[in-house]
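Colleague: Could you take a close look at the disulfides in this model for me? Please go through them one at a time, and then carry on to the strands and loops around them.

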Amino acid sequence: MRSPNKEAVTSLSLSDKTWSLMEVMQQLVVVIFFAKLSVQRDYNGPMCHVSHPEDLKTPCNSTVLFMTSYQDQSIVDYPEFYDYVKDMEEYDTFHLRFYLLERFTEKEVIRLHNGSDIAIMDNDDLIHIPKFEWDEDDHFEIALANNPKLDTSELRTTLKNRNRSTANVQRPFSCGETRIISDQCRIIEGTLLLDDTRNTRMLNLEELYGRISLVNSQLESVPAMPHLRKVEYTKIENSEPYAIKIVNNTRLKSIGGLTKIEELVVVSHTKSVLIRDNPKLCIEPEDAATDFVKKYASHVMVCGKSRAMNDVEQSFGMFFFLL
């Protein structure tokens, strides 16, 4: 799904201003994403340059491609685009975003060289990418994000086996920070803000590689996530210390959407879970025995029970645990 265009954003009503803010945040993520890919270039051979639709009409005899759809995203909508790039054998620059087809090349292998810059992002229907080859002393950047139908397993394995970083290469079939909606996502990479309008439906979500946050919201319950079993969060410098933070939500009554989490992996001095200052929150009786509640929310009262009874049951539970 494409991001709202400029005209759509400017025509939004005040009640929809969250979308405008989301668009700004998404564009910031994109700018940071592409800024990370700047590498020193030393390739001086002939190349086919494609960054605007009119470039598709210019004949080029080289098999080395310099292509970016970031300057003019409409370029990928032209029928001539696929025919132009499908037979290229080597990429100097390849920035592909908002592409609508399942593949962009008929080559099984694409050559990279020193200084190559590859970024493949926000392509909802992309299911095939070629293998990449390079010389051992070549330095290049390669990044993939938010291509939810793309299996990146082989690429990640190849990079690891050749001692190259996979930090900027998405996990297989994962949605990223720039997704428009989370409804079809099985895996999400990045921060999951539970009161974000993108995240009202997450019935297919199974794994999150990032943190969960619900702070100062007006939600009465967290979104349903019946299949979410794993959360893995690696703290980086100056980032949020908690993997899951549910704090100061004055109307929140239920966190049932989190109670099916079975595996919480925290890395680099990350703290695990903080749940506090949610005055109406209680735990549904059917969730009280889950591992998540026992480990991280045992201090929250069970719905329908008095505080005194809740404290007694917790004390007995701790007694038998110690036995």
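**The disulfides and their surroundings**

Modeller: Cys175 is buried, as its relative accessible area is 4%. Please keep in mind that this is a predicted model. The partner of Cys175 is Cys185, and the two sulfur atoms of this disulfide are 2.1 Å apart. Cys175 belongs to strand E7, residues 174-175, while Cys185 sits in the loop between E7 and strand E8 (187-189), so the bond ties together parts that are 10 residues apart in sequence. Cys185 is buried too, with a relative accessible area of 2%. The angle about the S-S bond is -100 degrees, which makes the link of Cys175 and Cys185 left-handed.

This bond is one of 3 disulfides in the structure. Another joins Cys48 and Cys60, with sulfur atoms 1.9 Å apart. Here Cys48 is in strand E1 (residues 48-50) and Cys60 is in the loop between E1 and strand E2 (64-68), so the parts tied together are 12 residues apart in sequence. The link of Cys48 and Cys60 is left-handed, at -95 degrees about the S-S bond. For the two ends of this bond, the accessibility has to be read separately. Cys48 counts as buried because its relative accessibility is 1%. Cys60 counts as partly exposed because its relative accessibility is 31%. The cut-off behind these words is that buried means under 20% relative accessible area, and partly exposed lies between that and over 50%, which is exposed.

The remaining pair is Cys282 and Cys303, whose sulfur atoms are 2.0 Å apart. Cys282 lies in the loop between strand E15 (271-276) and helix H5 (291-296), and Cys303 lies in the loop between H5 and helix H6 (307-322), so this disulfide ties together parts that are 21 residues apart in sequence. With 90 degrees about the S-S bond, the link of Cys282 and Cys303 is right-handed. Cys282 has 16% relative accessibility and therefore counts as buried. Cys303, at 22% relative accessibility, counts as partly exposed. If you count the bonded cysteines along the chain, the disulfides follow the pattern 1-2, 3-4, 5-6.

The loop that holds Cys282, between E15 and H5, also holds Asp287. Asp287 is buried, because its relative accessible area is 7%. Its contacts, leaving aside neighbours within four places in sequence, are Gly256, Thr259, Lys260 and Val293. Asp287 is also 9.9 Å from Gly257, C-alpha to C-alpha, although 30 residues separate Asp287 and Gly257 in sequence.

Strand E15 comes before that loop, and we can follow it into a sheet. The sheet is open, has 4 strands in the order E9-E11-E13-E15, and pairs in the parallel sense. Its edge strands are strand E9 (192-193) and E15, each of which pairs on one side only. E15 is joined to E13 by 5 bridges, and the two run parallel. Within that pairing, Ile246 stands opposite Ile275 in E15.

Strand E13 takes up residues 242-247 and is mostly covered, with 5 of its 6 residues buried. E13 also pairs with strand E11 (residues 212-215), in the parallel sense, over 4 bridges. Ile246 appears again here, as the bridge partner in E13 of Leu214. Val215, in turn, stands opposite Val247 in E13.

A last stop is Arg211, found in the loop between strand E10 (207-209) and E11. Arg211 is buried but has no salt bridge, and the nearest side chain of opposite charge, that of Glu240, is 4.7 Å away. A salt bridge would need a side-chain nitrogen of Lys or Arg within 4 Å of a carboxyl oxygen of Asp or Glu. Glu240 is nevertheless among the residues in contact with Arg211, apart from neighbours within four places in sequence. The others are Gly190, Thr191, Leu192, Tyr233, Tyr242 and Ala243.

Technical notes
Residues are numbered from 1 along each chain as its sequence is written. This is a predicted model: local features need pLDDT of at least 70, side-chain atom pairs count only at pLDDT 80 or more; totals for chains, interfaces and linings use all residues. Side-chain values use heavy atoms; hydrogens and water are left out. A disulfide is a pair of cysteine sulfur atoms within 2.5 Å. Buried means under 20% relative accessible area, exposed over 50%, partly exposed in between (1.4 Å probe, protein chains only). Two strands pair if DSSP finds at least two bridges between them. Lys and Arg count as positive and Asp and Glu as negative; His and the chain ends are not counted. Contact means heavy atoms within 4.5 Å.
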